[in-house]
Amino acid sequence: MRNNVGVDYDCIVVGGGHAGIEASLAAARLGFSTLLITQNPDRIGALSCNPAIGGLSKGNLVREIDALGGEMGKLIDKTMIQYRVLNRSRGPAVQAPRAQADKWRYQAEARLVLEQEARVLIFMDTVIDLLVSADGRCVEGVVTERGQRITAKAVVLTTGTFMEGKIFIGEYDAQQGRLGEAAALGLGRNLRRRGFLVGRLKTGTPARIAGDSIDYAVLERQDGELMRPFSFDVEQAFSERASSPCWITHTTPKTHDIIRANIHRSPLYGGKIIGAGPRYCPSIEDKVVRFPEREEHHLFIEPEGLFTNEMYLNGASSSLPEDVQRDFIHSIPGLESARITRPAYAVEYDFLDPLDLYPTLESKRLEGFFVAGQTNGSSGYEEAAAQGIMAGINAALKLRKDPPLLLGRAEAYIGVLIDDLTTLGTKEPYRMFTSRAEHRLVLRHDTADARLSPKARGIGLISEQRWERFVRKIRGLDAIGEILRSGKTPGLKEQEARGFASYLRPHAGDTLERALTDAAVSMSDSVTIAPELRDFPAEWLERVILDIRYAGYIEKEGRTVARATKMDAIKLDAGMDYNALTGLSSEAREKLTQVRPLSLGQAARIPGVRQGDIALLMVLAKRDEGNV
């Protein structure tokens, strides 16, 4: 595999999940030869758990990945079979798109886009160790199970649930990363040997059942909306595409009785599983134990794809034995005769402490070694892909000897995600929520391109054609704003003559911009009054109207963002010896030494670091700045 630059590849990516896909494509598109090593190329991009992309805050992540030049948005656009915007009844800050995917086509499309990328080569093997420089400071490649020693200037680790993975179904366990797929053994042990902080986490997935064994007559049907694109490259809805329904049912007291009677057979409660599970996506047995007062829990039955009979039981994750799974599933309305095609199971796996990473996702212990996805302690496809693209970008920028790309908490949900992981760490699988973002009103999913595409353009991940489309859109938004500022609502006589709704009367003679601050005045009203607005996509007009209605809140949030940005702009030396600083509290010394923050803002977000500690660090930073 040796090439003429003295190393086999510029970048090696370990793992073909959602983080690995984005990391490989980002590094390759920024000009570097990239080897993607995966145990099974046929499982690249597998939707291991739920057959869906997006959701609350997760949909925002997908759109941010797309705005940075990533692929996840395009993949779900090609393969969605249902689309909905969640939280429509609530404010825009907590709304987000979610789409059901044809999971088999999704992974086929993911593999295809990698194979079509000229600088990416997919290689089937299992990585068991790293190649490290003689002084132990830099990564130099990887060692594989078959004895290959492949060199590279940068390595991105994205092993998902496979590193020392072990699955559990009742009394049964096996060394697997997914049911029927062998774990990646050896790497976790060797990382421990090299001094990395390695822990264990647990996640799980529900059973799949045959769709033709479900009694749909007793279920609540959940249809989708008009399918709209996640990718900013696509401006039209997928109006010609048929939508597949999902279904809602619930557990019963009998379900809970069956689970309680067999809880001793759960590896989770029997002590076989030591890794912490996801707090916000618990197993069904966890729900029954933790919420004994609840008589039912909702379950969502989702199609796995257009060319399969399998259905996914969202909300019924479990590690109970298969006979217990069968019994409690048959106690659920509509599933009395359900045939299980794949059992639910839990999986426990190794992860690396994300406090060992800089916000670039580069290791503090080993230069050129980046880590992304579930290997960092996160959960979810979207969280993994978001870290993957940032790891790939920063690996490439390091190879170019350019400054890294760091996203602030006020710039992107991706910034919140990475800052939380690298500043706070995690003891359980980390999941993104809107509530984690202090500035969520400015992080709406519809504004991701305006926030991030200029950054992607600056490093070279946005094509000329896409940039021209973006510039055209920004000009269009400005034009819409000008029309709304200059257009007037008709006077009372004209309103009566044209049959306008009564709620417009208080706004007679007002500008459309002012009238639209009233939630009763709709987008269609503005188009009726100013027909030239029909020349623009509805999504553009909706975005401008949201900005108008929340202008006061956005302005207030902007002041908070400005203060936070000033703190993040004050840089700290990552190699600073905090133990040598007098005046710091002992807890601050310990926490700052562990995290090694890159900015004053990051230092201020570390639990245990006090205001007095921050004041001292600010004085030191200003002094050092003056010496430059």
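**Exercise 1.** In this predicted model, work out whether D577 counts as buried, partly exposed or exposed, then look at what surrounds it.

*Solution.* Start with the number: D577 has a relative accessibility of 46%. Buried needs under 20% and exposed needs over 50%, so D577 counts as partly exposed. Next, place it on the chain: D577 sits in the loop that links α18 (551–569) to α19 (586–595). Now follow its side chain, which reaches the backbone nitrogen of N579 at 3.2 Å.

**Exercise 2.** Find E164 and K401, and say which of the two is buried and which is exposed.

*Solution.* Take E164 to begin with. You'll find it in the loop between β9 (149–157) and β10 (166–169). Its relative accessibility is 17%, so E164 counts as buried. K401 belongs to the loop between α10 (381–399) and α11 (413–424). With a relative accessible area of 75%, K401 is exposed. Now check the backbone. Most residues other than glycine have a negative phi. E164, though not a glycine, has a positive phi of about 55°, and K401, also not a glycine, has a positive phi near 60°.

**Exercise 3.** Describe how helix α13 (residues 464–486) crosses helix α17 (residues 538–549).

*Solution.* First, the geometry: the two axes come within 10 Å and cross at roughly 55°. That angle makes α13 oblique to α17. As for handedness, the crossing of α13 and α17 is right-handed. Then list who touches whom: α13 brings R472, K473, G476, L477, I480, G481 and L484, while α17 brings W540, L541, R543, V544 and I548. Finally, sort the contact residues of α13 and α17 by type: seven are nonpolar, two polar and three charged.

Key. Residues are numbered from 1 along each chain as its sequence is written. This is a predicted model: local features need pLDDT of at least 70, side-chain atom pairs count only at pLDDT 80 or more; totals for chains, interfaces and linings use all residues. Side-chain values use heavy atoms; hydrogens and water are left out. Helices (H or I, at least four residues) and strands (E, at least two) are DSSP runs, numbered from the N terminus. Buried means under 20% relative accessible area, exposed over 50%, partly exposed in between (1.4 Å probe, protein chains only). A polar contact is a pair of N or O atoms within 3.5 Å; within protein, one must be able to donate a hydrogen and the other to accept it, and residues adjacent in sequence count only if both atoms are side-chain atoms. Axes are lines fitted to C-alpha atoms, for helices over the stretch in contact, and angles run from 0 to 180 degrees between N-to-C directions. Angles under 35 degrees count as roughly parallel, over 145 as roughly antiparallel, 65 to 115 as roughly perpendicular and the rest as oblique. A crossing is left-handed if the near helix is turned anticlockwise from the far one by less than a right angle, and right-handed if clockwise. Contact means heavy atoms within 4.5 Å. Ala, Val, Leu, Ile, Met, Phe, Trp, Tyr, Cys and Pro count as nonpolar, Asp, Glu, Lys and Arg as charged, and the others, Gly among them, as polar.
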